[in-house]
Amino acid sequence: MRVSCVVSTVEDLPQRDESYYKYELAGILVHTGTADYGHYYSFIRERLPKVAGEACKWYQFNDTLVEPFDPEEIPKTCFGGADTVTEWDEVAGKHVPKWRAKTYNAYMLFYQRVKVMHTHTQHDT
């Protein structure tokens, strides 16, 4: 086996249009649970809209359940942190807000390039 030890510099890299570096979120893998146990599910955006001119839709994939998902809910459903829930307080005799740590967090994000680029091979001119 032969190993190449060619050193490249920034100047050696191909010059690309700025659009080459633009990506958009295409999917999210979420973990719910703890480090000891849990469950994974995902939110995935269509690659192409079903109807030309419409925005690509998002779906939640959770085992055998697949349902539409509103991407406006991404911060609430994927960012972890704390959540406010209402619980009955026996001492106060009323429902009171309580803070709880969310048990779900985005584990992996998937991006795709916005503009499809033509790839050149060594044989292209």
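These exercises walk through one predicted model, each with a worked solution.

Residues are numbered from 1 along each chain as its sequence is written. Local features need pLDDT of at least 70 and side-chain atom pairs pLDDT 80 or more, while totals for chains, interfaces and linings use all residues, and side-chain values use heavy atoms, with hydrogens and water left out.

**Exercise 1. The fold**

Task: State how many helices and strands the protein has, and in which pattern they follow.

Solution.
- Start with the terms. Helices (H or I, at least four residues) and strands (E, at least two) are DSSP runs, numbered from the N terminus.
- Count them. There are one helix and seven strands.
- Read along the sequence. The pattern is β-β-β-β-α-β-β-β.
- Now look at contacts, meaning heavy atoms within 4.5 Å. Among contacts with a separation of 6 or more, 43% join residues 24 or more positions apart.

**Exercise 2. Two hairpins**

Task: Describe how β3 pairs with β4, and how β5 pairs with β6.

Solution.
- Recall the rule. Two strands pair if DSSP finds at least two bridges between them.
- Take β3 (residues 58-62) and β4 (residues 65-69). They run antiparallel, joined by five bridges. W58 stands opposite F69 in β4.
- Check the turn. Two residues lie between β3 and β4 in this hairpin, and D63 in the turn has a positive phi of about 55°.
- Take β5 (residues 82-89) and β6 (residues 94-101). Eight bridges join these antiparallel strands. D83 stands opposite R100 in β6.
- Check this turn too. The β5-β6 hairpin has four residues between its strands, and G93 in the turn has a positive phi of about 70°.

**Exercise 3. Salt bridges**

Task: Find the salt bridges in the whole structure and say how covered their residues are.

Solution.
- Set the cut-off. A salt bridge is a side-chain nitrogen of Lys or Arg within 4 Å of a carboxyl oxygen of Asp or Glu. Side chains of opposite charge can pair when their charged atoms come close.
- Set the burial scale. Buried means under 20% relative accessible area, exposed over 50%, and partly exposed in between (1.4 Å probe, protein chains only).
- Count. The search finds three salt bridges.
- Pair one: K22 and E18, with the closest N and O atoms 3.6 Å apart. K22 counts as partly exposed because its relative accessibility is 44%. E18 is exposed, at 59%.
- Pair two: E24 and R45, at 3.0 Å, N to O. This pair links distant parts of the chain: E24 is in β1 (residues 23-33) and R45 in β2 (residues 38-45), 21 residues apart. E24 is partly exposed, at 31%. R45 has a relative accessible area of 11%, so R45 is buried.
- Pair three: E87 and R100, with the closest N and O atoms 2.0 Å apart. E87 lies in β5 and R100 in β6, 13 residues apart. E87 is partly exposed at 24%. R100 is partly exposed at 44%.

**Exercise 4. The core**

Task: List the residues of the largest nonpolar core and the elements that each supply at least two of them.

Solution.
- Define the core. A nonpolar core is a set of buried Ala, Val, Leu, Ile, Met, Phe, Trp, Tyr and Cys residues joined through side-chain atoms within 4.5 Å.
- List the members. The largest core has eight residues: I28, V30, Y41, F43, W58, F69, I74 and C78.
- Place them. β1, β2 and α1 (74-78) each supply at least two.
- Follow one member. Leaving out residues up to four places away in sequence, V30 touches ten residues' worth of neighbours listed here in part, including Y41, F43 and C78.- Compare a polar residue. S42 is found in β2. S42 counts as buried because its relative accessibility is 16%. Beyond residues up to four places away in sequence, S42 touches I28, L29, Y59, Q60 and F61.

**Exercise 5. The surface**

Task: Name the residues of the nonpolar surface patch and the strand with the largest share.

Solution.
- Define the terms. Patches are made of residues with over 30% relative accessible area and no salt bridge; like charges are joined within 9 Å, nonpolar side chains (Val, Leu, Ile, Met, Phe, Trp, Tyr) within 5 Å. Areas come from the Shrake-Rupley method with a 1.4 Å probe; for residues, only the protein chains shown count as cover.
- Name the members. Y40, Y107, M108 and F110 make a patch of about 430 Å².
- Find the main source. Strand β7 (residues 104-113) gives the largest share, three residues.
- Check one member. Y107 is in β7. Y107 counts as exposed because its relative accessibility is 53%.
- Step back. The protein exposes about 10600 Å², and carbon and sulfur atoms supply 56% of this area. Of its 125 residues, 18% count as buried.
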